[in-house]
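Visitor: Could you walk me through this one?
Guide: Gladly; here is the structure, and we can take your questions in turn.

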Amino acid sequence: MTEQIVVAAAVIRKATLLVAQRVRPPELAGRWELPGGKVGPGETEPAALARELAEELGVDVDDVTVGERLGADVALSATTTLRAYRVLLRGGEPRACDHGALRWVRAADLPHVDWVPADREWLDDLARALNAD
């Protein structure tokens, strides 16, 4: 069985992190996550993340710079792994094309966000990245 990789973007701007509110599936609707999605066949993880951000945030693929990994892999299932990357948006203002809402949060806000369970694994890593920015 082939492993499915799902990539997530830690978009940090001026010591704030972009978070996106899910609209589906029903058990996760209303909760917040790092935007991203599945890596397609033959696609690199950075290319998949740039494509997903273009689709979900309405930004130009060429304005997305995928940086280093953030935190450890998170197992979503026996065959699906979630990975986060730091991402720089060089242009355009993100908008909620595939989410209920977007918002920018500070390190102090992270524990108070109603996160999807998988993304909670990165709270310490996200706080460190925000405090270093």
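Guide: Let me settle one term before we start: a residue is called buried when its relative accessible area is under 20%. By that cut-off, buried residues account for 43% of the 133 residues in the chain, and please keep in mind that this is a predicted model.

Visitor: OK, and which secondary structure elements run along the chain from the N terminus on?
Guide: The order is β-β-β-β-α-β-β-β-α, which comes to two helices and seven strands. The radius of gyration is 14 Å, close to the 14 Å that the globule rule gives for 133 residues, so the chain is as compact as a globular protein of that length.

Visitor: What about the largest nonpolar core, which residues touch the most other members?
Guide: That core has 23 residues, and those touching the most other members are Leu 17, Leu 34, Leu 110, Trp 115, Trp 122 and Leu 126. Two or more residues come from each of β1 (4–13), β2 (16–21), β5 (64–75), β6 (80–89) and α2 (123–132).

Visitor: And Trp 122, what is it in contact with beyond its neighbours within four places in sequence?
Guide: Its partners there include Ala 8, Leu 34, Leu 70, Val 74 and Leu 82, as well as Gly 71 and Arg 83. Apart from this core lies another, of 16 residues, among them Leu 18, Ala 48, Ala 50 and Val 59.

Visitor: Switching to charges, how far apart are the mean positions of the positive and negative ones?
Guide: They are 3 Å apart, taken over 16 positive and 22 negative charges. As for the surface, the chain exposes about 6,800 Å², with carbon and sulfur atoms supplying 50% of it.

Note on methods: Residues are numbered from 1 along each chain as its sequence is written. This is a predicted model: local features need pLDDT of at least 70, side-chain atom pairs count only at pLDDT 80 or more; totals for chains, interfaces and linings use all residues. Side-chain values use heavy atoms; hydrogens and water are left out. Helices (H or I, at least four residues) and strands (E, at least two) are DSSP runs, numbered from the N terminus. The radius of gyration is taken over C-alpha atoms; the globule rule is 2.2 Å times the number of residues to the power 0.38. Buried means under 20% relative accessible area, exposed over 50%, partly exposed in between (1.4 Å probe, protein chains only). Accessible areas come from the Shrake-Rupley method with a 1.4 Å probe; for residues, only the protein chains shown count as cover. Lys and Arg count as positive and Asp and Glu as negative; His and the chain ends are not counted. The place of a charge is taken as NZ of Lys, CZ of Arg, CG of Asp or CD of Glu. A nonpolar core is a set of buried Ala, Val, Leu, Ile, Met, Phe, Trp, Tyr and Cys residues joined through side-chain atoms within 4.5 Å. Contact means heavy atoms within 4.5 Å.
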